[in-house]
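Let's take a walk through this protein chain together, one piece at a time. Keep the structure open beside you as you read.

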Amino acid sequence: MAEQAGPSGPQESPDPWYARPPHEVASSLGVDPATGLSAARAAELLAANGPNALPEEKSRPDWLRFLDQYCSYMQIILLAAAVVSLAIKEWTTGILLIVLTLLNAVVGLRQEGKAESAMNALRSMMKATARVRRDGTEAQIPAEQLVVGDVVLVRAGDEVPADGRIVEASALQIDESALTGESVPAAKDTGTLPAGALGPGDQTNMAFMDTPVTHGSGLLVITATGSGTELGKISGMLSATEKEQSPLTRELNTLTLWIAAAAGLTMVVMFALGRSRDQAWDALFVSAVSLAIAAIPEALPTVSQVILSVGSLNLAKRHAIVKELPSVETLGFPRPSTPTRPAPSR
(Lines give C-alpha, C1' and ligand atoms only; values in the text may rest on other atoms or scores of the structure.)
Protein backbone atom coordinates (compact mmCIF):
# COMPACT_ATOMS: atom_id res chain seq x y z
CA MET A 1 0.00 0.00 0.00
CA ALA A 2 1.72 3.16 -1.17
CA GLU A 3 0.84 6.60 0.12
CA GLN A 4 -0.33 8.88 -2.65
CA ALA A 5 1.47 12.16 -3.12
CA GLY A 6 -0.86 15.13 -3.08
CA PRO A 7 -0.34 18.81 -3.78
CA SER A 8 0.44 19.40 -0.13
CA GLY A 9 0.22 15.91 1.35
CA PRO A 10 2.64 13.12 2.18
CA GLN A 11 5.42 12.04 -0.11
CA GLU A 12 5.06 8.78 -1.99
CA SER A 13 6.51 5.76 -0.20
CA PRO A 14 6.40 2.01 -0.78
CA ASP A 15 5.52 1.31 2.85
CA PRO A 16 2.24 2.02 4.68
CA TRP A 17 2.27 4.26 7.73
CA TYR A 18 2.26 1.41 10.24
CA ALA A 19 5.43 -0.02 8.66
CA ARG A 20 7.41 3.17 9.20
CA PRO A 21 9.05 4.27 12.46
CA PRO A 22 7.61 7.41 14.13
CA HIS A 23 10.49 9.69 13.11
CA GLU A 24 10.10 8.69 9.46
CA VAL A 25 6.35 9.36 9.56
CA ALA A 26 6.95 12.81 11.02
CA SER A 27 9.67 13.51 8.47
CA SER A 28 7.45 12.43 5.55
CA LEU A 29 4.72 14.78 6.72
CA GLY A 30 7.11 17.62 7.46
CA VAL A 31 6.19 18.00 11.12
CA ASP A 32 8.03 17.95 14.44
CA PRO A 33 5.88 16.13 17.07
CA ALA A 34 7.33 18.41 19.78
CA THR A 35 5.97 21.59 18.15
CA GLY A 36 3.37 20.46 15.63
CA LEU A 37 2.40 22.27 12.46
CA SER A 38 2.42 26.01 12.17
CA ALA A 39 -0.93 27.78 11.95
CA ALA A 40 -0.10 29.01 8.45
CA ARG A 41 0.80 25.53 7.21
CA ALA A 42 -2.36 24.04 8.74
CA ALA A 43 -4.51 26.69 7.07
CA GLU A 44 -2.81 25.98 3.74
CA LEU A 45 -3.45 22.23 4.03
CA LEU A 46 -7.05 22.77 5.12
CA ALA A 47 -7.72 24.97 2.10
CA ALA A 48 -6.05 22.46 -0.25
CA ASN A 49 -7.52 19.20 1.07
CA GLY A 50 -10.82 20.25 2.65
CA PRO A 51 -12.24 19.68 6.13
CA ASN A 52 -11.90 16.52 8.18
CA ALA A 53 -15.46 15.32 7.64
CA LEU A 54 -17.15 12.36 6.03
CA PRO A 55 -18.89 13.18 2.72
CA GLU A 56 -22.53 13.95 3.32
CA GLU A 57 -25.28 12.42 1.25
CA LYS A 58 -26.47 14.83 -1.42
CA SER A 59 -29.98 15.95 -0.72
CA ARG A 60 -32.48 15.23 -3.49
CA PRO A 61 -34.72 17.99 -4.81
CA ASP A 62 -38.17 18.12 -3.23
CA TRP A 63 -39.92 17.28 -6.49
CA LEU A 64 -37.83 14.11 -6.90
CA ARG A 65 -38.51 13.09 -3.31
CA PHE A 66 -42.20 13.62 -3.99
CA LEU A 67 -42.05 11.42 -7.10
CA ASP A 68 -40.25 8.74 -5.07
CA GLN A 69 -43.45 8.33 -3.08
CA TYR A 70 -45.10 6.99 -6.26
CA CYS A 71 -42.62 4.13 -6.70
CA SER A 72 -44.71 1.61 -4.78
CA TYR A 73 -47.00 -0.69 -6.77
CA MET A 74 -50.09 0.35 -4.82
CA GLN A 75 -49.54 4.03 -5.59
CA ILE A 76 -49.04 3.21 -9.28
CA ILE A 77 -52.21 1.09 -9.41
CA LEU A 78 -54.24 3.74 -7.60
CA LEU A 79 -52.99 6.36 -10.05
CA ALA A 80 -53.80 4.12 -13.01
CA ALA A 81 -57.26 3.45 -11.57
CA ALA A 82 -57.79 7.19 -11.20
CA VAL A 83 -56.87 7.79 -14.84
CA VAL A 84 -59.23 5.03 -16.02
CA SER A 85 -62.01 6.38 -13.79
CA LEU A 86 -61.65 9.82 -15.29
CA ALA A 87 -61.57 8.28 -18.78
CA ILE A 88 -64.92 6.57 -18.24
CA LYS A 89 -66.29 9.77 -16.62
CA GLU A 90 -66.41 8.41 -13.07
CA TRP A 91 -65.39 11.83 -11.82
CA THR A 92 -65.98 11.29 -8.12
CA THR A 93 -64.02 8.03 -7.99
CA GLY A 94 -61.16 9.43 -10.07
CA ILE A 95 -60.77 12.58 -8.00
CA LEU A 96 -60.98 10.61 -4.75
CA LEU A 97 -58.24 8.22 -5.90
CA ILE A 98 -55.97 11.12 -6.89
CA VAL A 99 -56.53 12.76 -3.51
CA LEU A 100 -55.65 9.48 -1.77
CA THR A 101 -52.38 9.13 -3.69
CA LEU A 102 -51.49 12.75 -2.88
CA LEU A 103 -52.28 12.13 0.80
CA ASN A 104 -50.06 9.04 0.86
CA ALA A 105 -47.20 10.93 -0.80
CA VAL A 106 -47.49 13.94 1.52
CA VAL A 107 -47.51 11.76 4.66
CA GLY A 108 -44.40 9.87 3.56
CA LEU A 109 -42.61 13.05 2.46
CA ARG A 110 -43.45 14.83 5.72
CA GLN A 111 -42.12 11.96 7.82
CA GLU A 112 -38.85 11.88 5.86
CA GLY A 113 -38.51 15.64 6.26
CA LYS A 114 -39.01 15.43 10.03
CA ALA A 115 -36.40 12.67 10.34
CA GLU A 116 -33.91 14.62 8.22
CA SER A 117 -34.43 17.76 10.32
CA ALA A 118 -33.87 15.79 13.52
CA MET A 119 -30.66 14.24 12.16
CA ASN A 120 -29.36 17.66 11.07
CA ALA A 121 -30.10 19.04 14.53
CA LEU A 122 -28.19 16.15 16.12
CA ARG A 123 -25.20 16.76 13.84
CA SER A 124 -25.11 20.42 14.83
CA MET A 125 -25.19 19.47 18.52
CA MET A 126 -22.47 16.81 18.23
CA LYS A 127 -19.52 18.94 17.14
CA ALA A 128 -16.34 16.98 17.88
CA THR A 129 -13.20 18.73 19.06
CA ALA A 130 -9.52 17.76 19.08
CA ARG A 131 -6.53 18.75 21.20
CA VAL A 132 -3.68 19.60 18.84
CA ARG A 133 -0.15 20.87 19.13
CA ARG A 134 0.52 23.82 16.83
CA ASP A 135 3.34 26.35 16.92
CA GLY A 136 4.65 24.60 20.02
CA THR A 137 1.48 25.15 22.08
CA GLU A 138 -1.57 23.00 22.77
CA ALA A 139 -4.97 24.17 21.57
CA GLN A 140 -8.49 22.74 21.26
CA ILE A 141 -9.99 23.11 17.80
CA PRO A 142 -13.01 21.69 15.94
CA ALA A 143 -12.19 18.22 14.60
CA GLU A 144 -13.21 19.36 11.11
CA GLN A 145 -10.18 21.66 11.01
CA LEU A 146 -7.65 18.84 11.42
CA VAL A 147 -5.24 18.28 8.56
CA VAL A 148 -2.74 15.58 7.64
CA GLY A 149 0.38 16.18 9.69
CA ASP A 150 -1.38 17.58 12.75
CA VAL A 151 -0.08 16.34 16.11
CA VAL A 152 -3.06 15.26 18.25
CA LEU A 153 -3.13 14.41 21.94
CA VAL A 154 -5.64 11.83 23.14
CA ARG A 155 -6.50 10.43 26.55
CA ALA A 156 -9.15 8.23 28.16
CA GLY A 157 -12.62 9.56 27.37
CA ASP A 158 -11.63 11.16 24.04
CA GLU A 159 -12.61 10.02 20.57
CA VAL A 160 -9.88 9.77 17.97
CA PRO A 161 -10.68 12.63 15.54
CA ALA A 162 -8.90 11.16 12.47
CA ASP A 163 -6.60 8.31 11.44
CA GLY A 164 -3.07 8.71 12.74
CA ARG A 165 0.24 7.01 13.49
CA ILE A 166 0.88 6.72 17.22
CA VAL A 167 4.24 8.24 18.16
CA GLU A 168 3.80 8.21 21.96
CA ALA A 169 1.69 5.87 24.08
CA SER A 170 1.20 5.39 27.79
CA ALA A 171 -0.96 2.33 28.59
CA LEU A 172 -3.08 3.37 25.60
CA GLN A 173 -6.17 1.31 24.79
CA ILE A 174 -8.76 2.11 22.13
CA ASP A 175 -12.16 0.53 21.51
CA GLU A 176 -12.13 -0.41 17.81
CA SER A 177 -15.19 -2.67 17.89
CA ALA A 178 -16.95 -0.52 15.26
CA LEU A 179 -14.18 -1.35 12.77
CA THR A 180 -12.94 -4.78 13.82
CA GLY A 181 -15.81 -6.31 15.80
CA GLU A 182 -13.52 -7.06 18.72
CA SER A 183 -15.38 -6.91 22.04
CA VAL A 184 -12.38 -5.73 24.08
CA PRO A 185 -10.32 -2.56 23.64
CA ALA A 186 -7.11 -2.91 21.63
CA ALA A 187 -3.77 -2.15 23.29
CA LYS A 188 -1.73 0.38 21.32
CA ASP A 189 2.00 1.08 21.15
CA THR A 190 4.55 2.87 18.98
CA GLY A 191 6.33 -0.18 17.54
CA THR A 192 6.92 -0.56 13.81
CA LEU A 193 5.02 -3.37 12.08
CA PRO A 194 6.09 -5.41 9.04
CA ALA A 195 5.16 -4.02 5.65
CA GLY A 196 2.35 -6.37 4.75
CA ALA A 197 -1.36 -6.14 4.06
CA LEU A 198 -2.62 -5.73 7.61
CA GLY A 199 -6.22 -5.02 8.51
CA PRO A 200 -7.21 -2.28 10.98
CA GLY A 201 -7.37 -4.82 13.82
CA ASP A 202 -3.72 -5.76 13.32
CA GLN A 203 -2.41 -2.21 13.08
CA THR A 204 -1.50 -1.82 16.74
CA ASN A 205 0.42 1.42 16.17
CA MET A 206 -2.42 3.23 14.40
CA ALA A 207 -5.50 5.02 15.74
CA PHE A 208 -8.65 5.36 13.68
CA MET A 209 -11.33 8.00 13.36
CA ASP A 210 -14.31 7.96 15.77
CA THR A 211 -12.92 5.18 17.98
CA PRO A 212 -13.06 5.99 21.72
CA VAL A 213 -9.98 5.94 23.93
CA THR A 214 -10.79 3.78 26.95
CA HIS A 215 -7.52 3.86 28.87
CA GLY A 216 -4.21 5.71 28.99
CA SER A 217 -3.02 8.52 26.76
CA GLY A 218 -1.10 8.99 23.55
CA LEU A 219 0.24 11.28 20.88
CA LEU A 220 -0.43 10.68 17.21
CA VAL A 221 0.43 12.27 13.91
CA ILE A 222 -2.61 12.50 11.60
CA THR A 223 -2.10 10.50 8.40
CA ALA A 224 -5.61 10.61 6.89
CA THR A 225 -8.69 12.78 7.27
CA GLY A 226 -12.29 12.70 6.08
CA SER A 227 -13.03 10.22 3.31
CA GLY A 228 -9.42 8.98 3.37
CA THR A 229 -9.86 7.41 6.82
CA GLU A 230 -10.89 3.80 7.41
CA LEU A 231 -14.31 5.03 8.49
CA GLY A 232 -14.53 7.15 5.36
CA LYS A 233 -13.78 4.13 3.18
CA ILE A 234 -16.58 2.18 4.88
CA SER A 235 -18.93 5.13 4.38
CA GLY A 236 -18.03 5.20 0.70
CA MET A 237 -18.75 1.49 0.31
CA LEU A 238 -22.11 1.88 2.06
CA SER A 239 -23.13 4.76 -0.20
CA ALA A 240 -22.24 2.65 -3.25
CA THR A 241 -24.35 -0.28 -2.03
CA GLU A 242 -27.68 -0.69 -3.76
CA LYS A 243 -30.61 0.16 -1.53
CA GLU A 244 -32.73 -2.84 -0.57
CA GLN A 245 -36.46 -2.89 -0.01
CA SER A 246 -37.72 -3.56 3.49
CA PRO A 247 -39.65 -6.80 4.15
CA LEU A 248 -42.88 -4.82 4.55
CA THR A 249 -42.41 -3.08 1.20
CA ARG A 250 -41.75 -6.40 -0.53
CA GLU A 251 -44.81 -8.00 1.02
CA LEU A 252 -47.04 -5.03 0.17
CA ASN A 253 -45.79 -5.09 -3.42
CA THR A 254 -46.53 -8.81 -3.65
CA LEU A 255 -50.00 -8.32 -2.17
CA THR A 256 -50.67 -5.46 -4.59
CA LEU A 257 -49.75 -7.61 -7.59
CA TRP A 258 -52.05 -10.39 -6.40
CA ILE A 259 -54.90 -7.92 -5.92
CA ALA A 260 -54.27 -6.41 -9.36
CA ALA A 261 -54.22 -9.87 -10.95
CA ALA A 262 -57.46 -10.85 -9.20
CA ALA A 263 -59.14 -7.59 -10.23
CA GLY A 264 -57.99 -8.03 -13.82
CA LEU A 265 -59.23 -11.63 -13.93
CA THR A 266 -62.58 -10.57 -12.48
CA MET A 267 -62.89 -7.85 -15.09
CA VAL A 268 -62.17 -10.29 -17.95
CA VAL A 269 -64.61 -12.90 -16.63
CA MET A 270 -67.36 -10.32 -16.14
CA PHE A 271 -66.78 -8.93 -19.63
CA ALA A 272 -66.88 -12.41 -21.17
CA LEU A 273 -70.08 -13.37 -19.33
CA GLY A 274 -71.72 -10.11 -20.33
CA ARG A 275 -70.91 -10.58 -23.99
CA SER A 276 -72.26 -14.12 -23.88
CA ARG A 277 -75.56 -12.54 -22.84
CA ASP A 278 -75.41 -9.98 -25.68
CA GLN A 279 -74.96 -6.98 -23.38
CA ALA A 280 -73.64 -3.71 -24.84
CA TRP A 281 -69.85 -3.23 -25.13
CA ASP A 282 -69.77 0.20 -23.52
CA ALA A 283 -71.96 -0.80 -20.56
CA LEU A 284 -69.85 -3.92 -19.98
CA PHE A 285 -66.63 -1.97 -20.13
CA VAL A 286 -67.78 0.62 -17.58
CA SER A 287 -69.15 -2.08 -15.25
CA ALA A 288 -66.02 -4.25 -15.51
CA VAL A 289 -63.66 -1.33 -14.84
CA SER A 290 -65.79 -0.14 -11.91
CA LEU A 291 -65.72 -3.62 -10.41
CA ALA A 292 -61.95 -3.84 -10.82
CA ILE A 293 -61.47 -0.45 -9.16
CA ALA A 294 -63.75 -1.46 -6.30
CA ALA A 295 -61.55 -4.51 -5.66
CA ILE A 296 -58.50 -2.29 -5.01
CA PRO A 297 -58.06 -1.38 -1.30
CA GLU A 298 -57.57 2.37 -1.77
CA ALA A 299 -57.06 2.97 1.94
CA LEU A 300 -54.29 0.39 2.35
CA PRO A 301 -51.36 2.79 1.74
CA THR A 302 -52.89 5.41 4.03
CA VAL A 303 -53.52 2.92 6.82
CA SER A 304 -49.98 1.49 6.57
CA GLN A 305 -48.48 5.00 6.55
CA VAL A 306 -50.47 5.94 9.67
CA ILE A 307 -49.45 2.76 11.51
CA LEU A 308 -45.78 3.25 10.62
CA SER A 309 -45.97 6.92 11.65
CA VAL A 310 -47.29 5.88 15.06
CA GLY A 311 -44.40 3.41 15.32
CA SER A 312 -41.88 6.12 14.44
CA LEU A 313 -43.35 8.36 17.16
CA ASN A 314 -42.99 5.57 19.70
CA LEU A 315 -39.36 5.11 18.65
CA ALA A 316 -38.77 8.85 18.89
CA LYS A 317 -39.93 8.74 22.53
CA ARG A 318 -37.10 6.26 23.07
CA HIS A 319 -34.61 8.61 21.40
CA ALA A 320 -34.47 6.72 18.09
CA ILE A 321 -34.79 8.55 14.77
CA VAL A 322 -36.25 6.71 11.77
CA LYS A 323 -35.29 8.23 8.44
CA GLU A 324 -37.62 6.09 6.32
CA LEU A 325 -41.01 4.85 7.47
CA PRO A 326 -40.66 1.21 6.27
CA SER A 327 -37.63 0.91 8.58
CA VAL A 328 -40.02 1.02 11.55
CA GLU A 329 -41.38 -2.39 10.62
CA THR A 330 -37.95 -3.72 9.66
CA LEU A 331 -36.64 -3.17 13.20
CA GLY A 332 -39.10 -5.73 14.51
CA PHE A 333 -39.14 -8.08 11.53
CA PRO A 334 -38.28 -11.63 12.65
CA ARG A 335 -35.34 -13.27 10.96
CA PRO A 336 -36.02 -16.63 9.33
CA SER A 337 -35.11 -19.29 11.82
CA THR A 338 -32.77 -22.07 10.84
CA PRO A 339 -34.55 -25.41 11.09
CA THR A 340 -33.02 -27.66 13.66
CA ARG A 341 -32.55 -31.35 13.14
CA PRO A 342 -34.52 -33.62 15.46
CA ALA A 343 -32.48 -35.50 17.99
CA PRO A 344 -31.77 -39.06 16.90
CA SER A 345 -34.00 -41.60 18.58
CA ARG A 346 -32.40 -44.33 20.58
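## Starting from a buried threonine

The backbone oxygen of F208 sits 2.5 Å from a polar atom in the side chain of T211. Keep in mind that you're looking at a predicted model. T211 belongs to the loop between β6 (206-207) and β7. Is T211 buried or exposed? With a relative accessible area of 2%, T211 is buried. Leaving out residues up to four places away in sequence, T211 touches D158, E159, V160, I174, D175, E176 and L179.

That loop holds another residue worth a look. D210 also lies between β6 and β7, and D210 has a positive phi of about 65 degrees although it is not a glycine. For context, most residues other than glycine have a negative phi. At a relative accessible area of 38%, D210 is partly exposed. You'll find a similar story at D135, in the loop between β1 (129-134) and β2 (137-142). D135 isn't a glycine, yet its phi is positive, at about 55 degrees. D135 is partly exposed too, with a relative accessible area of 49%.

Now zoom out for a moment. The chain has 346 residues, and 32% of them are buried. Its secondary structure comes to eleven helices and seven strands. Take the contacts between residues at least 6 apart in sequence: 66% of those join residues at least 24 apart. As for the outside, the accessible surface comes to about 20,600 Å², and 60% of that belongs to carbon and sulfur atoms.

Next, the inside. In soluble globular proteins, nonpolar side chains tend to be buried together. Here the largest nonpolar core has 20 residues, and L29, V31 and V221 are the ones that touch the most other members. Which elements supply at least two residues each? They are α1 (22-29), α2 (39-49), β3 (151-155) and β7 (213-224). The largest share, three residues, comes from α1. Apart from this core lies another one, of 15 residues, with A162, I166, I174 and A207 among them. You've met I174 already, as one of the residues that T211 touches.

Back in the largest core, have a closer look at V31. Not counting residues up to four places away in sequence, V31 touches A26, G36, L37, G149, V151 and V221.

Since α1 gives that core its largest share, let's look around this helix. Its buried residues are V25, A26, S28 and L29. They cover an arc of only 160 degrees around the axis, which puts them on the same side of α1. What do these buried residues pack against? Their partners are β4 (163-174) and β7. On the face turned away from the buried side, you'll find the exposed residues H23 and S27. Right after the helix comes G30, with a positive phi near 65 degrees.

Strand β7 also brings us to D150, which touches L220, V221 and I222 among other residues. D150 is found in the loop between β2 and β3. Although D150 is an aspartate in a loop, its relative accessibility is 0%, which counts as buried. What does its side chain make a polar contact with? The partner is the side chain of R134, at 2.7 Å. A polar atom of the D150 side chain also lies 3.1 Å from the backbone nitrogen of V147. Contacts of D150 beyond four places in sequence also include L37 and Q145.

Two more helices round off the tour. F66 lies in α3 (residues 62-68) and, at 25% relative accessibility, counts as partly exposed. Beyond its neighbours within four places in sequence, F66 is in contact with L102, A105 and L109. Along the chain, F66 and L109 are 43 residues apart, yet their C-alpha atoms are separated by 6.5 Å.

Finally, go to α9, which runs over residues 281-294. This helix has 14 residues and reaches 20 Å from its first C-alpha to its last, close to the 20 Å expected at 1.5 Å a residue. L284, A288, V289, A292 and I293 are its buried residues. Why do they line one face of the helix? Looking down the axis of α9, you can see that they fall within an arc of 160 degrees, so they share one face.

Methods. Residues numbered from 1 in each chain as written. Predicted model: local features only at pLDDT ≥ 70, side-chain atom pairs only at ≥ 80, totals over all residues. Heavy atoms only, no water. Core = buried A, V, L, I, M, F, W, Y, C linked by side-chain atoms within 4.5 Å. Buried < 20%, exposed > 50% of the residue type's maximum accessible area, 1.4 Å probe, protein only. Helix = DSSP H or I, 4+ residues; strand = E, 2+ residues; numbered from the N terminus. Contact = heavy atoms within 4.5 Å. Areas by Shrake-Rupley, 256 points an atom, 1.4 Å probe, with all protein chains shown as cover. Expected span 1.5 Å × (residues − 1). Arc of directions from axis to C-beta. Polar contact = N/O pair within 3.5 Å; in protein donor to acceptor, adjacent residues only side chain to side chain.
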